[in-house]
Amino acid sequence: MFLGKVIGNVWATRKYETLKSFKMLFVQPINAQNENVGEPIIAVDTVGAGTGETIFYITASEAVIPLPVDMAPVDASIVGIVDSINT
Amino acid sequence: MFLGKVIGTVWATRKDENLVGAKFLIVRHLDLELNEKDNFVVAVDSVGAGEGEVVLVATGSSSRQTHFTQNKPVDAVIMAIVDKLDVPLKELLEQQES
């Protein structure tokens, strides 16, 4: 799992059929000190995250598990919205 | 997924027999201002993307999660064609980088 900050939205009407009802968000990966680490990615939102929120996301083929479909070409999905981080 | 632009097509008659019927497109990575970056992939198209279109690409084993690419030697699939982007927090990135 990785920490990230939602920085924007992507709209795509033409997409793989099992992805029809899912929102896709731009996520900037961050570390626990809120510094950017790496390039922004796009992740499917499964928890209703909004721009500016700190979230955590999962990658690779596990990313399809939170979705209510058995198969979807998704390699990142947001699975939680962070309330606070203490290190 | 990453943001990319379709810049070309690859034809290959001699290939793994599982890949017969696959459409291979060359997709260059894009930054948030849609400028082309250096890195690119060859991805299997699953949504009918055309040259010049901005797309989303899923990589790794997730790319085998479509009817066509299931159990096939594929590690990148185009799974969406972008209509619109909205990145209000782009300045957040620039502040942190400068």
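Select B:G52 to begin, and you will find this residue in the loop between β3 (36-45) and β4 of chain B, where strands (E, at least two residues) and helices (H or I, at least four residues) are DSSP runs numbered from the N terminus. B:G52 is partly exposed, with a relative accessible area of 41%; buried means under 20% relative accessible area, exposed over 50%, and partly exposed in between, with a 1.4 Å probe and protein chains only. This is a predicted model, in which local features need pLDDT of at least 70 and side-chain atom pairs count only at pLDDT 80 or more, while totals for chains, interfaces and linings use all residues. Residues are numbered from 1 along each chain as its sequence is written, chains are lettered from A and ligands numbered from 1 in the order in which they are written, and side-chain values use heavy atoms, with hydrogens and water left out.

Staying at this loop, add B:K5 and B:V6 to the selection, since B:G52 is in contact with both when its neighbours within four places in sequence are left aside; contact means heavy atoms within 4.5 Å. Then add B:N18, which is 34 residues from B:G52 in sequence and, from C-alpha to C-alpha, 27 Å from B:G52 in space.

**Chain B as a whole**

Now colour chain B by secondary structure, and 1 helix and 6 strands appear, in the order β-β-β-β-β-β-α along the sequence. Its C-alpha atoms fill a box of roughly 50 × 25 × 25 Å along the principal axes, and buried residues make up 43% of the 98 residues. Among the contacts in chain B with a separation of 6 or more, 55% are between residues 24 or more positions apart. With the surface of chain B switched on, the accessible area comes to about 5,100 Å², of which 49% belongs to carbon and sulfur atoms; these areas come from the Shrake-Rupley method with a 1.4 Å probe, and for residues only the protein chains shown count as cover.

**Chain A as a whole**

Turn next to chain A, which has 0 helices and 6 strands. The C-alpha trace of chain A spans about 40 × 20 × 20 Å along its principal axes. Its radius of gyration is 13 Å, which agrees with the value near 12 Å for a compact globule of 87 residues; the radius is taken over C-alpha atoms, and the globule rule is 2.2 Å times the number of residues to the power 0.38. Of the 87 residues in this chain, 51% count as buried, and chain A exposes about 4,000 Å², with carbon and sulfur atoms supplying 54% of that area.

**Nonpolar cores**

With both chains shown, select A:M24, B:M1, B:L56 and B:M79, the residues with the most contacts inside the largest nonpolar core, which has 28 residues. At least two residues of this core come from each of β1 (2-11), β3 (23-29) and β4 (41-45) of chain A, and likewise from each of β4 (54-59) and β5 (76-81) of chain B. A nonpolar core is here a set of buried Ala, Val, Leu, Ile, Met, Phe, Trp, Tyr and Cys residues joined through side-chain atoms within 4.5 Å.

Centre the view on B:L56, whose contacts beyond four places in sequence include A:V10, A:M24 and A:I42 from chain A, as well as B:M1, B:V77 and B:M79 from chain B. Apart from this core lies another, of 13 residues, and B:L25, B:A43, B:V57 and B:I78 are among them.

**Loops and the start of chain A**

Which residues does A:M1 touch, not counting those up to four places away in sequence? Select A:F56, A:Y57 and A:I58 to see them. A:M1 lies in the segment before β1 of chain A and counts as exposed at 71% relative accessibility, while its C-alpha atom is 4.7 Å from that of A:I58, a residue 57 positions away in sequence.

Move on to A:N34, in the loop between β3 and β4 of chain A, where phi is near 65 degrees, a positive value in a residue other than glycine. A:N34 counts as partly exposed, at 36% relative accessibility.

The last stop is A:A60, in the loop between β5 (54-59) and β6 (76-81) of chain A. A:A60 has a positive phi of about 65 degrees although it is not a glycine, and it is partly exposed, with a relative accessible area of 33%.
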